[in-house]
Amino acid sequence: MSENAAGAVIVISSHVVRGSVGNRAAVFALETLGHPVWALPTIVLPWHPGHGRSTRLTFAEADFDAAIDDLIRAPWIGEVRAVLSGYFGNAAQARSVARLIAALRQDNPELLYVCDPVMGDLGGLYVPEATAEAIRDHLIPLASLATPNRYELAWLSGAALDDNSAIMEAALALGPSRMLVTSAVPMMAGGTGNLYLSGRHALLAEHRAVENAPNGLGDLLAAVFLSRLLSGLEDEKALQLATASVFEVLARAVKRGSNELMLASDASSLSTPMAMVQMRRLLHPAQRRKK
């Protein structure tokens, strides 16, 4: 890892006892790639809800907010170079994290904040609407990079996203200077894609779709892409490597018949992925408007 990657990452998301979703996926990936991690859970679950009902351990809103105060006052807070947030247990937690980001940026205006708005999929929202609104209103405006899936972006923007042009227009309108949209519209048959948009780039990274995919892919992608950016890679290379890592981990888990990503077995896929990814440069909306 280069000196540019030095610095801790605060990761704030759900924690499961069994599995590789939320903080379990993001923390493992970041630490495997060499980053010190401060991990704050928003809820604790025995396993992902997709595996069946289980006890949901929650934190009182005041207690979570007090923990945020502790982080802001921590004597080691100068170590922190980035923050990654994912699933929230309630709307108040999102507002507390917005306060953390604002406080950290007072001392470090270059702080990189990645907002992964974990709130829904093709079936609609799976968090209360108040939580989704708090993410939209308080966190998305602070994000250096947002990493929604296509369905989350559709909810955030209030627009139907039937093609990649619509995805890019929605991403631009939402506000963050960089947006990585998963489940983008593929250009290759039988594929799926990650669409990345910044002020300079419109890129699509594609690979073949994999049936019966375990949960945690979005959590993993956000963490690995963040790591690649922190290491100083150019956007296109960072996107290629992050997409290849996630695809490789996914394909290997499915081949083994696992219902969870097997990160401990596939750590090499995070650091040195070998999977092939099709990279495409798309027409940036700003270029389209000039014509």
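What share of the contacts in the chain with a separation of 6 or more comes from residues 24 or more positions apart? Here are my notes, starting with that one.

1. The answer is 69%. Keep in mind throughout that this is a predicted model. In terms of secondary structure, the chain has 10 helices and 11 strands.

2. On overall dimensions, the radius of gyration fits a compact globule: for 291 residues one would expect a value near 19 Å, and the chain comes in at 18 Å, which agrees. The C-alpha trace spans about 50 × 45 × 40 Å along its principal axes. Of the 291 residues, 51% count as buried.

3. A word on the surface and the charges. The chain exposes about 12,900 Å², and carbon and sulfur atoms supply 51% of that area. There are 25 positive and 28 negative side chains, with the centres of the two sets lying 6 Å apart.

4. As for annotation, UniProt lists residues 82–259 as "domain: Pyridoxamine kinase/Phosphomethylpyrimidine kinase", and the entry is unreviewed. In the model, this span is 47% helix and 20% strand, and its end C-alpha atoms lie 30 Å apart.

5. Helix α1 (residues 23–32) deserves a look. Its buried residues are N23, A25, A26, V27, A29 and L30. What do they pack against? The partners are strands β1 (8–16), β2 (37–45) and β3 (80–85), plus helices α7 and α9 (267–271). Just after α1 comes G34, with a positive phi of about 100°.

6. Now to L204, which sits in strand β10. With a relative accessible area of 0%, L204 is buried, since the cut-off for that is under 20%. Setting aside neighbours within four places in sequence, L204 is in contact with N164, A184, V185, M187, G193, N194, L195, Q278, M279, R280 and L282. If you want a feel for distance across the model, the C-alpha atoms of L204 and G34 are separated by 27 Å, and the two residues are 170 residues apart along the chain.

7. Is G199 buried or exposed? G199 lies in the loop between β9 (191–197) and β10 (202–208). Its relative accessibility is 66%, so G199 counts as exposed, the cut-off being over 50%. Not counting residues up to four places away in sequence, G199 touches S177 and H284. The H284 contact links positions 85 residues apart in sequence, with the two C-alpha atoms 8.6 Å apart in space.

8. Two backbone spots I'd check by eye are S183 and N212. S183 has phi near 60°, a positive value in a residue other than glycine. S183 lies in strand β8 (residues 178–184) and counts as partly exposed because its relative accessibility is 27%. N212 also has a positive phi, about 55°, although N212 is not a glycine. N212 belongs to the loop between β10 and α7 (217–230), and at 71% relative accessibility N212 counts as exposed.

How values were computed: Residues are numbered from 1 along each chain as its sequence is written. This is a predicted model: local features need pLDDT of at least 70, side-chain atom pairs count only at pLDDT 80 or more; totals for chains, interfaces and linings use all residues. Side-chain values use heavy atoms; hydrogens and water are left out. Helices (H or I, at least four residues) and strands (E, at least two) are DSSP runs, numbered from the N terminus. The radius of gyration is taken over C-alpha atoms; the globule rule is 2.2 Å times the number of residues to the power 0.38. Buried means under 20% relative accessible area, exposed over 50%, partly exposed in between (1.4 Å probe, protein chains only). Contact means heavy atoms within 4.5 Å. Accessible areas come from the Shrake-Rupley method with a 1.4 Å probe; for residues, only the protein chains shown count as cover. Lys and Arg count as positive and Asp and Glu as negative; His and the chain ends are not counted. The place of a charge is taken as NZ of Lys, CZ of Arg, CG of Asp or CD of Glu. UniProt positions are given in the numbering used here, feature names are shortened, and annotations may be inferred rather than shown by experiment.
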